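Visitor: I would like to go through this structure and ask how each label is earned. Please set the values against the cut-offs.

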Amino acid sequence: MASKLLGRCDCPECAFQSAHVKINTDKETAKAYRHCPECGAQYFPRNQAQADRLLAKMRPEGAPAASPVLQVADPAPALIAPPPSYKVVLGVRVPA
């Protein structure tokens, strides 16, 4: 069975970023399919709509993998001035 590599996509099973998207070249009604060399998972679309969705997710061969989006946390709050010194007057803390 001869196959042609069309591009790459992310594997939903193991999160490998370079799963192969291939197409059989020896059939007239061939559809694209996904094969992950990392975990061995395969996906064969059953109709043209599924095949079109797979091709929409695909990156062309040679395109870099998408880098994960990192969210930056809010910057640390500004330092608050230290509280004034206190003294205890009749069991109650009051600013000095």
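Guide: What follows is a set of short questions and answers about cysteines, buried residues, a backbone angle, an aromatic pair and salt bridges. One point before we start: this is a predicted model.

Visitor: How many disulfides does the structure hold?

Guide: Zero. Take C11, which is in no disulfide. The nearest cysteine sulfur belongs to C36 and sits 3.8 Å away. A disulfide needs two cysteine sulfur atoms within 2.5 Å, so that pair does not qualify.

Visitor: What rules out a bond between C36 and C14?

Guide: Distance again. For the sulfur of C36, the closest cysteine sulfur is in C14, at 3.6 Å. The cut-off is 2.5 Å, so this is too far for a bond.

Visitor: Why are C11 and C36 called buried?

Guide: Buried means under 20% relative accessible area. C11 has 4%, so the label fits. C36 has 0%, so the label fits there too.

Visitor: Which residues make up the largest nonpolar core?

Guide: There are seven: C9, C11, A19, V21, A32, C36 and L54. Both C11 and C36 are in that list.

Visitor: What does C36 touch, leaving out residues up to four places away in sequence?

Guide: C11, C14, F16, A19 and A41. Of these, C11 and A19 are also named in the largest nonpolar core.

Visitor: What makes the phi of A15 worth a remark?

Guide: Its sign. Most residues other than glycine have a negative phi. A15 is not a glycine, and its phi is near 70 degrees, a positive value.

Visitor: Where does A15 lie, and is it buried or exposed?

Guide: A15 is in the loop between β1 (3-9) and β2 (19-24). Its relative accessibility is 56%. Exposed means over 50%, so A15 counts as exposed.

Visitor: Why is H20 called buried?

Guide: H20 lies in strand β2. Its relative accessible area is 16%, under the 20% limit, so it is buried.

Visitor: What does the side chain of H20 make a polar contact with?

Guide: The side chain of R8, at 2.9 Å. The limit for a polar contact is 3.5 Å, so the pair qualifies. Leaving aside neighbours within four places in sequence, H20 is in contact with L5, G7, R8, Y33, R34, H35 and P37.

Visitor: How many aromatic pairs does the structure hold, and why is the pair of Y33 and F44 called stacked?

Guide: One. The pair is Y33 and F44, with 5.1 Å from centre to centre. Centres within 6.5 Å count, so the two rings pair. The planes are 25 degrees apart, and stacked means under 30 degrees, so the label holds.

Visitor: Which parts of the chain does that pair tie together?

Guide: Y33 is in strand β3 (residues 32-35), and F44 is in the loop between β4 (42-43) and α1 (48-57). The two parts are eleven residues apart in sequence, so the pair ties them together.

Visitor: How do Y33 and F44 rank for burial?

Guide: Y33 is buried, with a relative accessible area of 7%. F44 is partly exposed, at 38%. That value falls between 20% and 50%, so F44 takes the middle label.

Visitor: How many salt bridges does a search of the whole structure find?

Guide: Two. In one, the side chains of D10 and R59 meet at 3.4 Å, N to O. The limit is 4 Å, so the pair counts. D10 sits in the loop between β1 and β2, R59 in strand β5, 49 residues apart.

Visitor: What else does the side chain of R59 reach?

Guide: The backbone oxygen of Q17, at 2.3 Å. R59 is buried, at 13% relative accessibility, whereas D10 counts as partly exposed, at 45%.

Visitor: What makes E13 and R34 a salt bridge?

Guide: Their side chains meet at 4.0 Å, N to O. The rule is within 4 Å, so the pair is counted. E13 lies in the loop between β1 and β2 and R34 in strand β3, so the pair ties together parts that are 21 residues apart in sequence. E13 counts as exposed, at 52%, whereas R34 is buried, at 10%.

Methods
Residues numbered from 1 in each chain as written. Predicted model: local features only at pLDDT ≥ 70, side-chain atom pairs only at ≥ 80, totals over all residues. Heavy atoms only, no water. Buried < 20%, exposed > 50% of the residue type's maximum accessible area, 1.4 Å probe, protein only. Core = buried A, V, L, I, M, F, W, Y, C linked by side-chain atoms within 4.5 Å. Contact = heavy atoms within 4.5 Å. Helix = DSSP H or I, 4+ residues; strand = E, 2+ residues; numbered from the N terminus. Polar contact = N/O pair within 3.5 Å; in protein donor to acceptor, adjacent residues only side chain to side chain. Phe/Tyr/Trp six-rings, centres within 6.5 Å; stacked < 30°, edge-to-face > 60°.
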